[in-house]
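Colleague: I'd like to go through some of the labels people put on a model like this one. Can you walk me through them?

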Amino acid sequence: MLKTDSKEIIEKAERDTAFRFKQIDEIAEFNQEKVLNAFYKNKIGEEHFYTVTGYGHDDLGREALDRVFADAFNTEAAIVRPHFVSGTHTLSCVLFGLLHYGDHLLSVAGAPYDTLEEIIGKRKNDPYHSTSLMGHGIEYDEVPLKDEFEVDFEKIPSYIKPNTKMVLIQKSRGYSLRKSLTLDDIKKIVEIVKSINPGIICFVDNCYGEFTDTKEPVEVGADIMAGSLIKNPGGGIVEAGGYIAGKENLVEMCARRLTSPGIGREGGAMFNTTRVILQGFFMAPSIVANALKGAILAAKVFEDMGFITHPHSNEKRVDLIQTIKFTKGEEQEKFCRALQRYSPVESYLTPIPDTVPGYEDKLIMAGGSFIEGSTIELSADGPIRPPYAIYMQGGLSYYHVKIALRGILDELNN
């Protein structure tokens with residue numbers, strides 16, 4: 001890598017991407033008004049911030065929170081809870097809530113996230129395989145990617161069976177170099193699937209994708225979607241949780257998986273989290289805009305340095321994740337060490353590759369976040385395996401991303 005002045009290359013990249021930032025601001029303003037209207041419609045007041053204990057019966061705030069998410073996302077219903085321990089758990093509640101013995105699940109965008117492998121049952125050596133979907137008698141297939149990079153729309157019909165109950169549509173790329181899906185892509189998938197069998201449930205894993213466009217997947221035909229509150233919709237201040245939004249009957253079935261039959265969305269103390277979840281959701285459009293601007297800047301900086309990036313700096317953004325492809329694991333480690341050093345929390349730590357539950361390969365992870373694992377805050381990670389890619393995401397402050405990029409370039413130049 002050639003020696004360069006990090007400040008100079010970042011300032012040049014910033015000038016070259018200024019027109020993209022205006023587009024991001026327009027989306028953020030649209031989404032901010034959409035969220036504000038949901039608050040107005042549901043007459044959110046201080047009484048919704050109070051909490052109840054025990055069973056959580058008659059919690060006005062919990063009920064209003066669900067309605068705000070449903071209205072902002074233009075869905076029939078939603079369940080928003082701190083009881084979802086992660087995005088993976090939230091997705092699991094949808095899968096186990098809606099699929100039963102003899103059903104067929106089809107992933108239409110290639111292999112899903114590594115963390116879903118044990119849930120699906122793809123790891124045959126898992127001693128707890130019997131707890132997986134496949135262990136419960138659910139069939140599973142995935143449509144291979146076209147040229148390992150794009151959804152193969154033409155092949156989807158040949159994978160749909162008479163017992164196909166659900167198609168899984170993962171919007172974000174995960175730990176791969178495939179393209180993240182646009183709303184047009186999702187709409188096309190739904191139209192293909194519904195033309196064959198209108199009863200098939202189209203489920204979108206919306207993690208990293210909320211508020212990156214003026215619509216959400218359910219608004220283009222999906223039946224149900226889910227995501228994590230320590231990603232986009234939590235606005236960087238929500239400490240834990242997830243949401244599921246979509247058709248009323250489907251959301252209720254998922255809620256009964258989270259709690260139990262007979263309880264569904266009607267129970268569960270919120271542990272004084274309702275106010276902060278509502279506030280984080282209100283802040284989310286502008287926080288997502290900051291992260292998107294940071295991702296675009298990072299893409300342009302590394303393209304100018306000769307690296308391969310996905311998506312390219314001039315591509316439409318549909319999620320927060322910015323992939324930068326290196327040639328060896330040592331460069332991944334340098335990137336993460338520098339990002340950690342420029343983090344507000346635990347900047348003194350040195351990231352090293354290690355095993356992480358849910359993943360087969362060692363991962364390098366960096367990001368001194370105020371909330372553990374919060375990927376709306378600036379972080380980066382990646383498995384130490386070819387193509388040696390780093391997946392950078394988040395950034396509560398655009399200027400934090402800019403400062404961190406200077407440090408990363410200086411580290412890579414050493």
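Modeller: Sure, and keep in mind that this is a predicted model. Let's start with Ser374, whose side chain makes a polar contact with the side chain of Glu377 at 3.3 Å.

Colleague: Why is that pair, Ser374 and Glu377, called a polar contact?

Modeller: The cut-off for a pair of N or O atoms is within 3.5 Å, and the two side chains are at 3.3 Å, so the pair counts.

Colleague: How do you know whether Ser374 is buried or exposed?

Modeller: Buried means under 20% relative accessible area. Ser374 has 2%, so it is buried. You'll find Ser374 in the loop between strand E10 and strand E11. Leaving aside neighbours within four places in sequence, Ser374 touches Ile230 and Ser369.

Colleague: And what makes Lys43 exposed?

Modeller: Exposed starts over 50%, and Lys43 has 64% relative accessibility, so that's the label Lys43 gets. Lys43 sits in the loop between helix H2 and H3, and has a positive phi of about 50° although it is not a glycine.

Colleague: Speaking of H3, what makes H3 roughly parallel to H9?

Modeller: Helix H3 and helix H9 pack at an angle of about 15°, with axes 10 Å apart. Angles under 35 degrees count as roughly parallel, so H3 gets that description relative to H9. The crossing of H3 past H9 is left-handed.

Colleague: Which residues meet there, in H3 and H9?

Modeller: Among them are Leu65, Val68 and Phe69 in H3, and Ile277, Leu278 and Phe281 in H9. The contact of H3 with H9 divides into seven nonpolar, two polar and one charged.

Conventions: Residues numbered from 1 in each chain as written. Predicted model: local features only at pLDDT ≥ 70, side-chain atom pairs only at ≥ 80, totals over all residues. Heavy atoms only, no water. Helix = DSSP H or I, 4+ residues; strand = E, 2+ residues; numbered from the N terminus. Buried < 20%, exposed > 50% of the residue type's maximum accessible area, 1.4 Å probe, protein only. Polar contact = N/O pair within 3.5 Å; in protein donor to acceptor, adjacent residues only side chain to side chain. Contact = heavy atoms within 4.5 Å. Axes fitted to C-alpha atoms, helices over the stretch in contact; angles between N-to-C directions. Parallel < 35°, antiparallel > 145°, perpendicular 65-115°, else oblique. Left-handed = near helix turned anticlockwise from the far one by under 90°. Nonpolar A, V, L, I, M, F, W, Y, C, P; charged D, E, K, R; others polar.
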